[in-house]
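The paragraphs that follow lead the reader through a protein model step by step. Please keep the sequence and the three-dimensional view at hand while reading.

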Amino acid sequence: MRSPKRAKNNLIVAAIVLGPLIIGVGLFVVAPTALIRYDETHQTDVTCTVTSAEGGVRSSVSRIGAGSSRAQVEIRTDDCGVLLLQEGVTEDNSAEIAARLTPGGHYVFTIGEGSWSARGAFELFGKSPLVYGYAPATQG
């Protein structure tokens, strides 16, 4: 028969071992997926001044060879930080799309509300909010 003290110690050890694993899965799997789903249905428009835009392919391949590649346009702005456009971007058209974003030009970017609100945290992890669409801003 196990003593109540030993059962309590086993529970504490299990919490110490499994706790970080559960928190890690939550932070790096569940939270990003939930944020993407939220952003798809909750979007906001922000006006930013483009400093540069560069088309290319981003790779997330790890040391063991797992991962993927995705065409994108990285949009740098002074007032909104770095934004990523992936929707409708291919390896063949990424440079053409980037060339449409004139440095010094003002554009309205549609971005997920959750990602826009968390952009400070994104920077800490080297991530950028996704752009769902854009248009030149009207001067008025």
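A residue is called buried if its relative accessible area is under 20%, exposed if that area is over 50%, and partly exposed in between. By this definition, buried residues account for 26% of the 140 residues in the chain. The model is a predicted one, and the confidence of the prediction is therefore the next point to consider, given for each residue as pLDDT on a scale from 0 to 100. The mean pLDDT of the chain is 86, and 88% of the residues reach 70 or more. Confidence is not uniform among the elements: helix α1, residues 4-41, has the lowest mean pLDDT, at 79, whereas strand β4, residues 106-112, has the highest, at 96. As a general caution, predicted coordinates should not be read in detail where pLDDT is low.

The overall architecture can now be described. The chain contains four helices and five strands. Followed along the sequence, these elements appear in the order α-β-β-β-α-β-α-α-β.

The aromatic side chains provide a first view of how strands are connected. A pair of aromatic rings is described by the distance of the centres and the angle of the planes. There are three aromatic pairs in the structure. One of them joins Y107 and Y134 in an edge-to-face arrangement, with 6.3 Å from centre to centre and 70° between the planes. Y107 belongs to strand β4 and Y134 to strand β5 (residues 130-136), so this pair ties together parts that are 27 residues apart in sequence. Are these two residues buried, or are they partly exposed? Y107 counts as buried because its relative accessibility is 6%, which falls under the 20% limit. Y134, with a relative accessible area of 27%, is partly exposed.

Y134 also pairs with F109; this pair is tilted, with the centres 6.2 Å apart and an angle of 35° between the planes. F109 lies in strand β4 and Y134 in strand β5, so here the parts tied together are 25 residues apart in sequence. F109 has a relative accessibility of 0% and therefore counts as buried. Taken together, ring pairs link Y107, F109 and Y134 into a cluster. A further contact with an aromatic ring involves a charged residue: R119 lies over the face of W116, at 3.8 Å from the ring centre.

Attention now turns to the pockets. The largest pocket has a volume of about 680 Å³. It is lined by 20 residues, of which P32, L35, I36, F122 and K127 are the closest to its centre. The elements that contribute two or more residues to this lining are α1, α4 (119-124) and β5. Which element supplies the largest share of the lining of the largest pocket? That element is α1, with seven residues. In character, the lining of the largest pocket comprises 13 nonpolar, three polar and four charged residues.

The second largest pocket has a volume of about 150 Å³. Its lining consists of I36, E40, R70, Q86, E87, L130, V131 and Y132. Both α1 and β5 supply at least two residues each to this lining, and β5 gives the most, with three. Here the lining divides into four nonpolar residues, one polar residue and three charged residues.

Conventions: Residues numbered from 1 in each chain as written. Predicted model: local features only at pLDDT ≥ 70, side-chain atom pairs only at ≥ 80, totals over all residues. Heavy atoms only, no water. Phe/Tyr/Trp six-rings, centres within 6.5 Å; stacked < 30°, edge-to-face > 60°. Buried < 20%, exposed > 50% of the residue type's maximum accessible area, 1.4 Å probe, protein only. Lys NZ or Arg CZ within 6 Å of the ring centre and 35° of its normal. 1 Å grid on protein atoms, 1.4 Å probe; cavity = no way out; pocket = protein on both sides within 12 Å on 5 of 7 lines; lining within 4 Å. Points joined across faces, edges and corners; volume = space filled by probe spheres on them. Nonpolar A, V, L, I, M, F, W, Y, C, P; charged D, E, K, R; others polar.
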